[in-house]
Amino acid sequence: MRGKTQEPTTEDPEVDGVDSASEESDAPAAADPAGTPADKKRIGDRAGLLMAGAVLTACGGLVLYGVLEPGKSDGTPERRTPTAAVTYEVTGQGTADIAYQARSEAGQAVAVEAAELPWRKTVDVPLGKEPIVSIVLGENGGQARCALAIRGKHVQSATATGTFGRATCSGTLPGPDPTEG
C-alpha cells in the first residue's frame with residue numbers, strides 16, 4: 001500500500017498541470033469584458049431587439065397611414081350615376097302585363113306579368129336613359145291607361161283597348177338638378 005500511495009504516477013502531474021493551466025487561462029478571459037462569448041451574445045440580443053422594435057414601429061406607421069389617409073378610404077362614396085324620380089301608373093280594370101325602365105345602367109326593363117290594376121310604381125331612372133312603360137292587355141281585352149311623370153310632372157299618357165291591346169308611354173329625362181348630389 002505504501003508504494004501505491006507514495007509513488008507518484010506520470011498521469012497525476014499532467015492532470016494537475018492541465019487543471020492549473022485551465023484555471024489560469026480562465027482568469028484573464030473573465031477580466032476582458034468584450035472578449036467573452038456571453039458578452040457578445042448580449043450585444044447581439046440587444047441589436048436584434050432594437051431592429052425588431054424599428055420594424056414594428058414602421059409597420060404600425062403604415063397601418064395608421066392606411067387607416068387615417070383622407071380621400072382614399074372606404075368612407076368615400078362610390079361614383080353614382082345621377083338619376084331622376086319617375087312615376088309609372090297604369091289605371092283600368094282587370095290585369096295587364098307591364099314593362100318599365102328602372103335604375104339599370106344596362107337599360108334592361110323590369111317586367112310584371114298579370115299585374116292587378118290600378119298599378120303604380122315610382123323608381124329612379126339614370127339620366128341619359130329613356131323612361132318608358134309599356135302595357136299589354138290579356139285575351140279578355142278591356143281598357144287600360146298608362147301615364148308617366150318625371151319628378152312629379154306629368155309627361156305622357158296613352159290608352160290600350162281590346163284583346164291584347166297595347167300602349168306605351170315614354171319621356172325624356174331633364175338634366176340633373178343643381179341640388180342633387
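This briefing covers two sheets, the disulfide between them and the surroundings of one threonine. The model is predicted. One open sheet has four strands in the order 4-1-6-7, and another open sheet of four strands has the order 3-2-5-8. A disulfide joins C146 to C169, with C146 in strand 6 and C169 in strand 8.

**Sheet 4-1-6-7**

- The four strands of this open sheet are ordered 4-1-6-7, and their pairing is antiparallel.
- Strand 4 (119–126) and strand 7 (153–161) are at the edges; each has a single partner strand, so one side of each has no neighbour in the sheet.
- From one strand to the next, the twist averages 20°.
- Eight bridges pair strand 6 (residues 143–150) with strand 7 in the antiparallel sense.
- A149 has H154, in strand 7, as its bridge partner.

**Sheet 3-2-5-8**

- In this open sheet the order of the four strands is 3-2-5-8, again with antiparallel pairing.
- The edges are taken by strand 3 (109–116) and strand 8, each with a single partner strand, so one side of each is left without a neighbour in the sheet.
- The twist from one strand to the next averages 15°.
- Strand 2 (residues 95–101) pairs with strand 5 over five bridges, in the antiparallel sense.
- I98 is opposite I135 of strand 5.
- Strand 5 is also joined to strand 8 (residues 166–170) by five bridges, and these two strands run antiparallel.
- Opposite V133 stands C169 of strand 8.

**Side chains of strand 5**

- Side chains alternate along strand 5 (residues 132–137).
- V133, I135 and L137 point to one face and are buried.
- I132, S134 and V136 point to the other face and are not buried.
- Two of the buried residues also appear in the pairings above: I135 stands opposite I98, and V133 stands opposite C169.

**Disulfide C146–C169**

- The search of the whole structure finds one disulfide.
- It joins C146 to C169, with an S to S distance of 2.3 Å.
- The angle about the S-S bond is 85°, and the link of C146 and C169 is right-handed.
- Because C146 lies in strand 6 and C169 in strand 8, the pair ties together parts that are 23 residues apart in sequence.
- Strand 6 belongs to the sheet ordered 4-1-6-7, while strand 8 belongs to the sheet ordered 3-2-5-8.
- C146 has 0% relative accessibility and therefore counts as buried.
- C169 is buried as well, with a relative accessible area of 0%.

**Surroundings of T87**

- T87 is located in strand 1 (residues 83–92).
- Its relative accessibility is 14%, so T87 counts as buried.
- The side chains of T87 and T122 are joined by a polar contact of 3.0 Å.
- With neighbours within four places in sequence left aside, T87 is in contact with R120, K121, T122, A147, L148 and A149.
- One of these contacts, A149, is the residue whose bridge partner in strand 7 is H154.

Note on methods:
Residues are numbered from 1 along each chain as its sequence is written. This is a predicted model: local features need pLDDT of at least 70, side-chain atom pairs count only at pLDDT 80 or more; totals for chains, interfaces and linings use all residues. Side-chain values use heavy atoms; hydrogens and water are left out. Two strands pair if DSSP finds at least two bridges between them. Axes are lines fitted to C-alpha atoms, for helices over the stretch in contact, and angles run from 0 to 180 degrees between N-to-C directions. Buried means under 20% relative accessible area, exposed over 50%, partly exposed in between (1.4 Å probe, protein chains only). A disulfide is a pair of cysteine sulfur atoms within 2.5 Å. A polar contact is a pair of N or O atoms within 3.5 Å; within protein, one must be able to donate a hydrogen and the other to accept it, and residues adjacent in sequence count only if both atoms are side-chain atoms. Contact means heavy atoms within 4.5 Å.
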